[in-house]
Amino acid sequence: MSDTPYRYTAELAGSIEVAWQDRWEERGTFRAPNPAGPWADPEGVSEHPNGHLLVLDMFPYPSGAGLHVGHPLGYIATDVYARFNRMLGRNVLHCLGYDAFGLPAEQYAVQTGQHPRKTTEENIAIMARQLRRLGLGHDDRRAIRTIDPDYYRWTQWIFLQIFNSWYDHDAPNDVGGTGRARPIAELVEEYRSGARPLPADDGRGWEDLSHVERAEILDARRLVQSVEAQVNWCPGLGTVLANEEVTNEGRSDRGNFPVFKRNLRQWVMRITEYADRLADDLDRVEWPEKVKTMQRNWIGRSQGAHVTFPLAASGTATTTGATEAAAGSVGATSDASASATPGIEVFTTRPDTLFGATFMVLAPEHPLLATLVPDAWPEGTRDAWTGGAATPADAVEAYRAAAAAKTDVERQAEGKAKTGVFTGGFAVNPVNGARVPVFVADYVLMGYGTGAIMAVPAQDERDWDFATAYELPIVRTVQPPAGHDEDTAYTGDGPAVNSANDEVSLDGLGVAEAKERIVAWLEERGAGRGAVTYKLRDWLFARQRYWGEPFPVVFDEDGIAYGVPEDQLPVELPDVPDYSPKVYDPEDADSEPEPPLARDADWVAVEMDLGDGRGPRTFRRDTNVMPQWAGSCWYYLRYLDPANAEAMVDPDNESYWMGPRDTPVGGAPEGTRDPGGVDLYVGGVEHAVLHLLYARFWHKVLHDLGHLSSDEPFRTYFAQGYIQAAAYRDDRDQPVEASEVEEGPDGTFTWQGQPVTREFGKIGKSLKNMVSPDDMYAAYGADTFRLYEMGLGPLEQSKPWDTRAVVGSQRFLQRLWRNVVDEETGELRVVDTPLDDATARVLHRTVDAVRTDFTELGFNTAIARLIELNNALTKLETGVPRAAVEPVVLMVAPLAPHIAEELWARLGHAESLAHAAFPVADPALLVEETVTCVIQIRGKVRDRIEVPGDITEDDLEELALMRPKVLEATPDGVRTVIVRAPRLVNVVPA
RNA sequence: GCGCAAGUGGCGGAACUGGCAGACGCGCCAGGUUUAGGUCCUGGUGCCUUCGGGUGUGCGGGUUCGAGUCCCGCCUUGCGCACCA
């Protein structure tokens, strides 16, 4: 029998923790009152005069492997912050649900032959147990799951809202600009009334159109469209993917399978309509600059101009005069298809350099190539331009085939070496009438701009490289500064040169002015116009998989798509016998997507009354499912009102929790209207352009349609670092089980007797370095684990896991416990004597520092201060005063809530401390009575003296100059004395 | 290649506007408790040192009475972008 039965061991910690978790659940301690909706509790809301706070973690995916010690890092951090704010009197909403649709669950289910619903629900149960054991103060009523029909009913509802909307670029929005989503019904009304002209100006009105014609007009405007487009087809996953889901290496971010470009008809969400607002509104949220930059880069907005280069008559490869350009937009050719073509439209960000455009380049996929190519090489064609082919058609075809066969990886492997062939065609530079040869080259991409460029070698490095490789002329139109290398392009600012025709001259102008002038000239001439392009593509939204939300869309016999009426939602995911997607050889680029739902003929054919007055009819269901991002695009809204059967969220609940704040975030532009949104959103940076961009898009649509008062989902986003763990590899570079590796005294590592090398990496199966929180609960308890993770270092940093070091946090809690409870008797040890002055000052300085640290998420330094304070109390010889230990318990509570609750209760408090007031520092006690003043000679510390904290500069200087060491060091007198009372005096000898 | 972060003891990391570098924790060392090991407790712990002191925040310069902190030039690591016209 131990003689310390009341010691704070892992066993005791465990029993305390589980008991408090039960109590919290029974009492509903963390249930946050809502102002409205089915749980309306206005009284509960009014009990929180210090306002409200919405703190959220990124939506977790319940993986089959359970949690590892890296996962809870952010959950603990938000919990500490939430608990702290609760103690400040705020109404705090913190909860967590499950993002449970998606590929991994489906793949796991296929592997194990079980239904994905079964495996997903099992995984959720495991995760829920692990999370509960952590002691997170979540509102347990709000643990929503995306796979529940009551949830995805609203996912489908939102889809229909977007489907039934169009983007009106001219409509004023509420942030002072124009452009917002409007219901498609309003567009119909404008067409019907004639307020908006119909696209086809054939004299017929809306009522005269067939329903197929009307559908075509509307479908072209919807924010969800079915388009025939080049998509990312991933045979290994059997589905198409969004651009955001394809890695730089041209592989799927899930599973790392090859991805191929295919032309297929697919659903897209028109996120590009929001490109400007998505870019601009980043200024109004408080996010890491890094993440904002990533989103801006992804959106890739660039300002420039579209310029049309008329096609020139085929002929000799020599430059002719300016007459043709003046003649008009089309080069004089007899070829019918060419005359139908106005010319080659390019996008350029440097219209000021137009006079230096000496050739053009089309992407290999450019449609104009077919009509551009003449029968024979024009006279004067250089050998190097032909690619060795007998005719331009052969050369272009060979080049196109070669480019098409190359994967992105191969293109990348070739680096920046420029290849291409002459098309045999010419175009006319609209500013000077120069005949410029047109090339095809794969350094121009079909997916950006117009898929064609004007090449200005003197001011563009890529064009320079191409021009030198193919001996094309280079004309400088921006004067490089003196000393600029004559053999490179100059891309900087400078005065324009060689840039004048009979009507306009740019010579001498800087880049910005030159752009302005030439764009004005182009617009006047109808040869071009100012333009903005984006790298952002529309969001490919359909997946040919099973485990996702079905599309609430049906088609009639004409192939027209209809949204399923709201009152018939949800469209439930049918329980099909064969849910495996049709997957192919990952390299089989020519395979076709085949959704599992398409196999269920009974489900696909449906009789339905759309409520359009035509009665019940037979329709064909859409057999796609939504991507995993769908459920995670709006879950934070459902948290606010998860039981609401009438709306996705009651508007009053949304505006209470997420509505715009009175003052904008720091760094927002002057006069900004606050966008509202989640007050603190914590999660990994890997979702910087996926989830965070998609959610912003949906949120803005819902805001435009009047469903939300906030116009950004996440007002403040904090990107947490990762916990990494040691992993070890053997001599074949294969990871070995990290838990079985032994460290030798010389610092080397061995596994089963063989030497292994160490690295630090992501925790997980692939590196065999899994550490489960369950092991930590068993060995130390949840409070120790929480404290360890928070004490490791700054939250935004990635840090290595070290199980051996966890004991330090346990020791702290043991000392705290021992300051209150006698380990042998279990009796209370605190004394009721008043605090001595020194202890009171340490206490209040700690309160002040911890408050600041908690507010700024500086948990590691807060913990250090609390340890110092507790160590100071431990050393008091007259016992630990209650007046000191109670504030310590309250301050520890957000970090280690179970032990704090237990000590609080043992100290005689009947109420949970979850809503107790956080200690407040007395300003009078923040200043130290005496401080150590450092005396420096020429900046080097030479002496120290104890002085009163409020000593004047003059007194301190006098004191310092009398010190023997100072006198000794200044035999020739003193030149300067710098005094920073009360901490420092620096004496500079003469 | 371009852009952005970050480099501090054996390790994770502290250090407000330039003002005692290394808080706190791990590890290590010594002592105590214990039958022993472990736990736990107390003290010490940047490096060098002739014990006076010297030296020290990736490297080299600079500004300053004073630099981890500011400026210039490098190096390394991490992240992002990568023919985006």
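## A positive phi at Lys768

Lys768 is partly exposed, with a relative accessible area of 39%. Buried means under 20% relative accessible area, exposed over 50%, and partly exposed in between (1.4 Å probe, protein chains only). The model is predicted: local features need pLDDT of at least 70, side-chain atom pairs need 80 or more, and totals for chains, interfaces and linings use all residues. Residues are numbered from 1 along each chain as written, chains are lettered from A and ligands numbered from 1 in written order, and side-chain values use heavy atoms, without hydrogens or water.

Lys768 is not a glycine, yet its phi is positive, at about 55°. The residue sits in the loop between strand S27 (754-762) and helix H24 (773-779). Helices (H or I, at least four residues) and strands (E, at least two) are DSSP runs, numbered from the N terminus. Asp733 also has a positive phi without being glycine; its value is near 75°. Asp733 belongs to the loop that runs between strand S23 (723-729) and strand S24 (735-736).

## Overall layout

Chain A holds 32 helices and 32 strands. Its C-alpha atoms fill a box of roughly 105 × 95 × 70 Å along the principal axes. Of its 990 residues, 54% are buried.

UniProt, in an unreviewed entry, places "domain: Methionyl/Leucyl tRNA synthetase" at residues 59-162. Such annotations may be inferred rather than shown by experiment. Helix covers 57% of this span and strand 3%. The C-alpha atoms at its two ends lie 22 Å apart.

## The loop between S18 and H19

Strand S18 (561-563) and helix H19 (601-604) are joined by a loop that includes Asp585. Asp585 is partly exposed, at 48% relative accessible area. Ala589 lies in this loop as well. Its relative accessibility is 22%, so Ala589 counts as partly exposed. The C-alpha of Ala589 is 9.7 Å from that of Gly236, although 353 residues separate the two along the chain.

Pro570 is another residue of the loop. The peptide bond between Leu569 and Pro570 is cis, with omega about 0°. A cis bond also runs from Ala981 to Pro982, where omega is near -5°. Pro982 is placed between strand S31 (974-980) and strand S32 (984-989), in the connecting loop.

## Salt bridges

Side chains of opposite charge can pair when their charged atoms come close. The whole structure contains 65 salt bridges, each a side-chain nitrogen of Lys or Arg within 4 Å of a carboxyl oxygen of Asp or Glu. One of them joins Arg7 and Glu823, with the closest N and O atoms 3.4 Å apart. Arg7 lies in the segment before helix H1 (10-27) and Glu823 in the loop between helix H26 (807-820) and helix H27 (837-855), so the pair ties together parts 816 residues apart in sequence. Arg7 is partly exposed at 28%. Glu823 is buried at 9%.

Asp832 pairs with Arg882; their closest N and O atoms are 3.2 Å apart. Asp832 lies in the loop between H26 and H27, and Arg882 in helix H29 (882-892), so this bridge ties together parts 50 residues apart in sequence. Asp832 is exposed at 64%, while Arg882 is partly exposed at 22%. Arg882 also bridges to Glu886, at 2.8 Å from N to O. These two residues are four apart in H29, so about one helical turn separates them. Glu886 is buried, at 15%.

A network of salt bridges links Asp174, Asp281, Arg284, Arg673, Arg696, Lys700, Asp711 and Glu712.
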